[in-house]
Amino acid sequence: MKIFTGAQIKALDKFTIENEPVASIDLMERAAKAIVRALQDEWDNRTPFVVFAGPGNNGGDALAVACLMAEAGYEVSVYLFNVNDRLSAECAINKQRVMDCKRIKDFKEVLVDFDPPKLTAETVVIDGLFGSGLTKALTGGFASLVKYINQSPAKVVSIDLPSGMMTEDNTHNVKAHIVRAHLTLTLQQKKLAMLFEDNQQFIGRLRVLDIRLSPAYIAQTVTQFQVLEEADVRSRLLTRGDFVNKGLMGHALIVAGSYGMAGAAVLAGRACMRSGVGKLTVCTPRQNYNVMQISLPEAILSIGKEEYFFTEPIDTEHYDAVGLGPGMGQHEDTAIALISQIRRTQCPMVIDADALNILASHKAWLQQLPEQLVLTPHVGEFDRLGNGGSEGDYDRLAKAIDLAQHLQAYVLLKGHYSALCLPDGRVYFNPTGNAGMATAGSGDVLTGIITGLLARGYNRENACIVGMYLHGLAGDLAAKQLGKESLMAGDIIAYLPKAFEFLG
């Protein structure tokens with residue numbers, strides 16, 4: 001699913017109107033009918049509705065919804081805010097329709113003074129003040145209205161976007177001036193702002209309503225951002241021929257673990273094996289020997305001279321991919337060995353966990369990194385890589401995009417919607433996964449999966465896309481059986497075969 005900017009959304013509407021062809025007011029009616037169907041799924045006609053409509057097309061949508069809801073037997077009161085005495089053409093048409101609708105309980109056009117209605121816990125507010133065209137924070141009377149809505153006990157449904165929220169960047173928006181919706185009914189496609197954790201407090205539950213905007217425009221328009229869909233991932237899967245042998249399925253190297261952190265090496269190694277790699281070597285300190293032999297007998301062990309941590313880079317000539325970092329620790333000797341390992345490795349590399357933290361504490365080394373690395377930081381690791389924290393999720397994503405382009409690397413910023421930032425500036429968001437995966441070792445599993453796919457022969461882009469989707473899908477399948485509260489990283493590995501089967 002492509003994610004359009006506010007400007008592209010406007011162009012999509014315009015293209016649909018000109019090429020379907022359909023009148024703008026009829027397209028608005030189409031959207032209103034989809035919204036009404038969604039509302040009727042949630043509430044019966046014993047529920048009173050209060051509609052707050054703005055002067056633009058978002059307000060026009062809200063007015064059209066008000067008419068349809070009233071005709072369906074709902075009690076509907078309407079407030080149209082026209083403080084500048086200037087309505088969009090479609091909003092003006094729907095204003096007249098509201099005035100002509102005998103079933104509307106009450107209609108008030110607010111030009112100057114506003115006497116707010118009482119909003120009870122039984123009331124549903126339809127927020128149609130502002131939509132995807134907003135470019136600056138709300139102020140004055142509209143800001144006061146938003147605060148009034150937010151302080152009320154009423155349920156709030158926002159049309160397209162919660163009023164006050166901008167489509168992409170809300171870093172410097174005034175949070176108190178954004179409607180806190182319980183349900184957001186967005187039209188046609190998700191907006192970028194909806195993918196960020198720090199905006200969820202405003203969006204509430206999200207439903208995407210298909211209003212049949214031009215598929216031709218959607219197909220032909222290039223976008224920077226895209227949410228992965230199952231078909232996107234399935235088309236990237238490599239098949240396993242009937243006559244292959246382990247030598248043809250790749251040899252991966254995982255450099256992981258330190259004394260007391262053998263589990264990270266076990267998890268990454270198991271995940272790598274479950275990803276279909278032919279052979280796996282795990283490089284880990286001597287103290288982890290017994291644990292690894294018992295926990296992962298399928299792996300070859302490369303035991304370093306040091307008892308407790310990684311101190312010597314190893315020759316990677318015979319490996320097809322390398323994963324570095326899980327449980328490695330940050331001893332200074334480990335840091336020196338890590339940068340030496342990175343410099344001498346010619347095959348694809350995944351850099352994660354302590355390897356990222358070492359780079360964060362030796363920032364000069366970032367300029368010496370080879371191109372085409374795969375970096376898989378969580379939020380904390382990413383912020384440590386930069387020069388200070390981020391001002392929010394949008395700012396962090398922008399920095400991740402810059403880092404991917406600067407290093408010519410694949411930066412997979414982990415989160416609810418993990419974002420894969422490509423060297424060319426494109427971003428893929430992953431829709432699979434759940435809150436139960438917020439548990440120790442989950443990231444080690446992802447490192448193992450991607451390393452295994454790289455060794456199998458996937459290119460870096462496809463290894464990351466397939467890897468993060470499979471990782472989340474396995475987590476979803478595990479949570480369905482075990483529940484989110486009880487999920488462990490090992491469960492993700494256990495359900496990887498079912499995830500492959502689901503996609504295959």
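**Exercises on a predicted fold**

Ala353 lies in helix 12, which covers residues 353-361; helices (H or I, at least four residues) and strands (E, at least two) are DSSP runs, numbered from the N terminus. The model is predicted, so local features need pLDDT of at least 70 and side-chain atom pairs count only at pLDDT 80 or more, whereas totals for chains, interfaces and linings use all residues. Residues are numbered from 1 along each chain as its sequence is written, and side-chain values use heavy atoms, with hydrogens and water left out.

**Exercise 1.** Describe the backbone angle phi of Ala353 and state whether Ala353 is buried or exposed.

*Solution.* Step one is the angle: phi of Ala353 is near 55°, a positive value in a residue other than glycine. Step two sets the background, which is that most residues other than glycine have a negative phi, and most peptide bonds are trans. Step three is the burial: Ala353 counts as buried because its relative accessible area is 12%, where buried means under 20% relative accessible area, exposed over 50%, and partly exposed in between (1.4 Å probe, protein chains only).

**Exercise 2.** Find where Asp160 and Pro21 sit, and say what is notable in the backbone at Asp160 and between Glu20 and Pro21.

*Solution.* Start with Asp160, which is found in the loop between strand 6 (155-159) and strand 7; although Asp160 is not a glycine, its phi is positive, at about 75°. Asp160 counts as buried because its relative accessibility is 7%. Then turn to Pro21, which is found in the loop between helix 1 and helix 2 and is joined to Glu20 by a cis peptide bond with an omega of about -15°.

**Exercise 3.** Trace the order of the strands in the open sheet and name its edge strands.

*Solution.* Begin with the whole chain, whose secondary structure comes to 18 helices and 18 strands. Of these strands, 11 form an open sheet with mixed pairing, in the order 1-9-18-17-16-15-14-13-10-11-12; two strands pair if DSSP finds at least two bridges between them. The edges are strand 1 (2-3) and strand 12, each of which pairs on one side only.

Next, follow strand 11 to its neighbour: strand 11 and strand 12 (residues 300-303) pair in the parallel sense over 4 bridges, and Cys283 stands opposite Ser302 in strand 12. Further along the order, strand 14 (residues 349-351) and strand 15 (residues 374-375) also run parallel and are joined by 2 bridges, with Val374 in strand 15 as the bridge partner of Val350.

**Exercise 4.** Which residues have the most contacts inside the largest nonpolar core, and which element supplies the largest share of this core?

*Solution.* The largest nonpolar core has 53 residues, and those with the most contacts inside it are Leu280, Val282, Leu420, Val445 and Ile450; such a core is a set of buried Ala, Val, Leu, Ile, Met, Phe, Trp, Tyr and Cys residues joined through side-chain atoms within 4.5 Å. Several elements each supply at least two residues of this core, including strand 10 (251-255), strand 11 (279-284), helix 15 (442-456) and helix 16 (460-482). The largest share of this core, 10 residues, is from helix 16. Apart from it lies another core, of 49 residues, among them Leu192, Phe225, Tyr319 and Leu397.

As a last step, look around Val282, leaving out residues up to four places away in sequence: Val282 touches, among others, Ile254, Ala265, Met292 and Ser302, where contact means heavy atoms within 4.5 Å.

**Exercise 5.** Compare the surroundings of Asn199 with those of Lys399, and decide for Asn199 and Lys399 how accessible the residue is.

*Solution.* Asn199 has its place in the loop between strand 7 (183-187) and helix 6 (200-203), and it counts as buried because its relative accessible area is 3%. Not counting residues up to four places away in sequence, Asn199 touches Met165, Asn170, Lys175 and Ala193.

Lys399, by contrast, is found in helix 14 (residues 393-407) and counts as partly exposed because its relative accessibility is 35%. Under the rule that leaves out residues up to four places away in sequence, Lys399 touches Phe382, Gly389 and Ser390. The C-alpha atoms of Lys399 and Asp383, which are 16 residues apart along the chain, are separated by 9.4 Å.
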